[in-house]
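Hello,

Here is the structure I promised to pass on to you. Please open it alongside this email and follow along as you read.

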Protein chains: 2
Amino acid sequence: MARRDSSPSSAGRRRREGKGTTGAKRLPQLSWQTVRNPYPPFEIASADEIEAVHEASLEVLQEIGINFLLGEARDILKAAGADVDPDGTRVRFDRAMVEELIAKAPSQFTIHARNLDRSRVFGGNHINFFPVAGNPNISDIEGGRRSGNLADYRDLLRLAQVINAVHGCTPMLEPIDVEPNIRYLDIVGEQLLITDKIAFGYSLGRRKILDALEMVRIARGIDEATLLAEPSMWTVVNANSPLQLDIPMLIGMIEMARRQQPVVVTPFTLAGAMAPVSIAGALTQQNAEALAGISFIQIVGPGCPVVYGGFTSNVDMRSGAPAFGTPEYVKAVLVGGQLARRYRLPYRSSNVNASNWPDAQATYEGVMSLWATVLSHTNMIMHSFGWLEGGLRGSFEKIVIDLETVQTMMKAFEPVDFSRDELGLDAMREVGPGGHYFGAQHTLARYETAFYQPILSDWRNWETWQQDGALDATQRAHRIYKELLAEYEAPPMDPAIREELTAFIARRKREGGATADD
Amino acid sequence: MARRDSSPSSAGRRRREGKGTTGAKRLPQLSWQTVRNPYPPFEIASADEIEAVHEASLEVLQEIGINFLLGEARDILKAAGADVDPDGTRVRFDRAMVEELIAKAPSQFTIHARNLDRSRVFGGNHINFFPVAGNPNISDIEGGRRSGNLADYRDLLRLAQVINAVHGCTPMLEPIDVEPNIRYLDIVGEQLLITDKIAFGYSLGRRKILDALEMVRIARGIDEATLLAEPSMWTVVNANSPLQLDIPMLIGMIEMARRQQPVVVTPFTLAGAMAPVSIAGALTQQNAEALAGISFIQIVGPGCPVVYGGFTSNVDMRSGAPAFGTPEYVKAVLVGGQLARRYRLPYRSSNVNASNWPDAQATYEGVMSLWATVLSHTNMIMHSFGWLEGGLRGSFEKIVIDLETVQTMMKAFEPVDFSRDELGLDAMREVGPGGHYFGAQHTLARYETAFYQPILSDWRNWETWQQDGALDATQRAHRIYKELLAEYEAPPMDPAIREELTAFIARRKREGGATADD
């Protein structure tokens, strides 16, 4: 599924050649590239079953309705023709209204990065891998588990820049050592200073989202009109499931929609806790919440890019703890893709696990998730690198484990070449029964690029591996993330832009930043 | 994809109730069941591309040919009309001959176990998970890595009996502490004594395969005629790739085919070493070798059950070491399934990895393989439990890791129920916006069976997990395999049959067993 971009940046060229500017040997990585799943999506629900979920969701929106906790949002919905409870927060939607609004959203769009070579397309069979987001804790196996902090956040962003398979930024860690009112300035500012990939801003109140958009505008060196015409920053809105949207998120949605900036609407529907215990029920609620959020955005900003988000999983019914990478999660991701395609919307799901350690459990839960995301034609795969502990923690080692599995999927979904030469008849004639192919012409012409070269897998024999310290994959991942960090080079930025951006951040910090109510 | 058998054994019923005969609590497991992939196979090659591989394979068989090292086999082939080199071992096949012979093999068949509730169907969308096979070494994280031995072989078979997702026996370890000439008697005999699941015999010479069949006949308590009518033991034949079949394997094939016992024909085509470096080339060679072996079997025993085996992977081109669970492996497994279906034959592939430790690498390489096997409609998934180190070693902990991933796949491929009640509208009406579903009627009616219950995954929070010793998944797998071993109960066997079987084994050992030349 990999297609090399036709105009790679010179930094990209250097990386592919395995050398940095200093001439030091770099770790093997796939190049920065467009990624697609060229095969039809894997579908486990029939068309009738998808229609049943659709119909049931419309029933939920029409009969039960959704709580919109912000008065301004209810006023907008009332003016647009929704049935708004005069004495409360409940909003009910007519089915025709929902279908008309959803149809306004684009089926594909581009998010622009400050380095335009880093812009990405969302929709169709495009795949974009995003790193861990929003976790309050971080760990590595030497330093242990610790609260989110700015130093680790910066290191995570450096890794996001170094790793070619990371296709955009997220708030990779919550730096809780920074005061809450100015934290959003660092969360967005550091993305723009440390990386040249597309930026994320939290949808948590008016002032915060407007400041974030201003930082992105400065970093891109564009004017307001260009920002409106070119989606340049994205956000995620989680419903407060069940069936509720809160005030700061709704304010953020309004401001993003007014400026045609992409919003990923992701209900967090844990079956058995915040959603019905049945997978079909949790998906129905997910669908109702997603349609409500997307409809609202299309009222405020018709044609605003949105992504249909799915995050349906289950809880451990003995403890109430959330579970991820389970059979139920796999099924929900696959059906979620079918629902998103029902509405011709780009789709977001995630590579997740509930493990307390970057071990075999974190790995199998993650790879189970990953297959579901790629098979379902997920366009935006969140938490693709470094999630742990059900979202309570990021892990440096898990980033490297995930890098190997993500790259494996990228290569596994590249079509096999069945052209005449590749069928190998000449090689078989040359080698014949009982021979070997190591020195064959056919081999020599291809061996350097024939196979994926891993970054983490160790295929040496037992004796060699033992002599070299018998490091397991998690221990090797620790070494590798440090080597990747050492490869970091700041991407170029116009000095005038850098000065304007840092001055803006400094001024807003002096002014006290913003609260969710601002 | 799980369907409970209509007539579960009483032992099966006890297990499902979570109790042994002693009343002790058992670990949670899915029941013994028929497993299917109810969705269409995932196909990455076009029909034209599959035809290109088919045509190229026939070209190989017609122009290059295959070395059959056994004179008796060449005589059989010559009598059947093949073009046999009078001065050598090369045999060339006319394309019409190959197509006619392949068509004689059944597309589906049953292998009968000594306990008929354990018999399994091969073909269509049936899936059967078989454990690790043939490895010369074994390890657990306490005892370390050691050579194959009878005590560990017995423990592995006990696990195969206890684990419901293990659908049949293999030679799970090479017990090299037993003398070579009598080892095959223990390899087969212990399967029949320790388990009641279907048995495997090595295809390594006439006397060995005939003794193995006799042991199976005794264990099943049937006569020769019934044995001929009911496939009761299976074997694997690996080509000596490239394009060569050796003497002991050919003798075994002849005897199995004469008695209509199933043979899995699996070329071992490592791209870049024993096969062309291109995946299309390695698959062409795999296909030619498989067709040659299957054609030969159909000459000897028309209609004999066979399985099309695929084991195409790649080597590390820097070291020559075999690699597994790679992108190339995933693609080869998926295309292999398409080739097997081209010939309407059951398909075998494997859950494999090249890791030196039951760690994250072993896990992601394994889960990558596992997805490919299930998506490709593999009917016989070899090495599903416990493979390590590219086949040089089995691992007790990996058996438990694999049990979790295999069970996850079984549940993930069970269709979602989209019936009206499952869509959860009543639950959403009851709970409403902002509520939670823990106490809802809809939840209470379903919570005990709504979700897959894991055997290895630990979803407790960080603090609880820390207090309980902070064991990673590999360490927990160690504990769990010992608990599973403690659950072992010998399956019932008629005392007269047991006596006859043990007497046969004892007599053949006294007589000195057999060599590959016998």
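Below are some notes on the two copies, a pair of helices and one residue.

Please keep in mind that this is a predicted model.

Let me begin with the two chains. A turn of 180° with a shift of 0.0 Å along the axis lays chain B on chain A, and the RMSD is 0.0 Å. The two copies are thus related as by a two-fold rotation axis. Both use the same surface, since 100% of the contact residues of chain B recur in chain A. If you would like to find the axis on your screen, look for B:Ala360: of the residues of chain B, its C-alpha comes closest to the rotation axis, at 2.3 Å.

Next, a helix pair within chain B. The axes of α10 (residues 279-300) and α11 (residues 327-342) of chain B come within 10 Å and cross at roughly 40°, so α10(B) and α11(B) are oblique to each other. Their crossing is right-handed. On the α10(B) side, the residues that meet α11(B) are B:Ile279, B:Leu283, B:Gln286 and B:Asn287. Their partners in α11(B) are B:Glu328, B:Ala332, B:Val335, B:Gly336 and B:Leu339. By type, the residues of this contact divide into 5 nonpolar, 3 polar and 1 charged.

Finally, a residue in chain A. A:Thr373 sits in helix α12 (residues 360-375) of chain A. Is A:Thr373 buried or exposed? Its relative accessibility is 0%, and buried means under 20%, so A:Thr373 counts as buried. Apart from neighbours within four places in sequence, A:Thr373 is in contact with A:Val333, A:Ser349, A:Ser350, A:Thr378 and A:Ile381.

Best wishes

Definitions and conventions: Residues are numbered from 1 along each chain as its sequence is written. Chains are lettered from A and ligands numbered from 1 in the order in which they are written. This is a predicted model: local features need pLDDT of at least 70, side-chain atom pairs count only at pLDDT 80 or more; totals for chains, interfaces and linings use all residues. Side-chain values use heavy atoms; hydrogens and water are left out. Axes are lines fitted to C-alpha atoms, for helices over the stretch in contact, and angles run from 0 to 180 degrees between N-to-C directions. Helices (H or I, at least four residues) and strands (E, at least two) are DSSP runs, numbered from the N terminus. Angles under 35 degrees count as roughly parallel, over 145 as roughly antiparallel, 65 to 115 as roughly perpendicular and the rest as oblique. A crossing is left-handed if the near helix is turned anticlockwise from the far one by less than a right angle, and right-handed if clockwise. Contact means heavy atoms within 4.5 Å. Ala, Val, Leu, Ile, Met, Phe, Trp, Tyr, Cys and Pro count as nonpolar, Asp, Glu, Lys and Arg as charged, and the others, Gly among them, as polar. Copies are superposed by least squares on the C-alpha atoms of residues with pLDDT of at least 70 in both. Buried means under 20% relative accessible area, exposed over 50%, partly exposed in between (1.4 Å probe, protein chains only).
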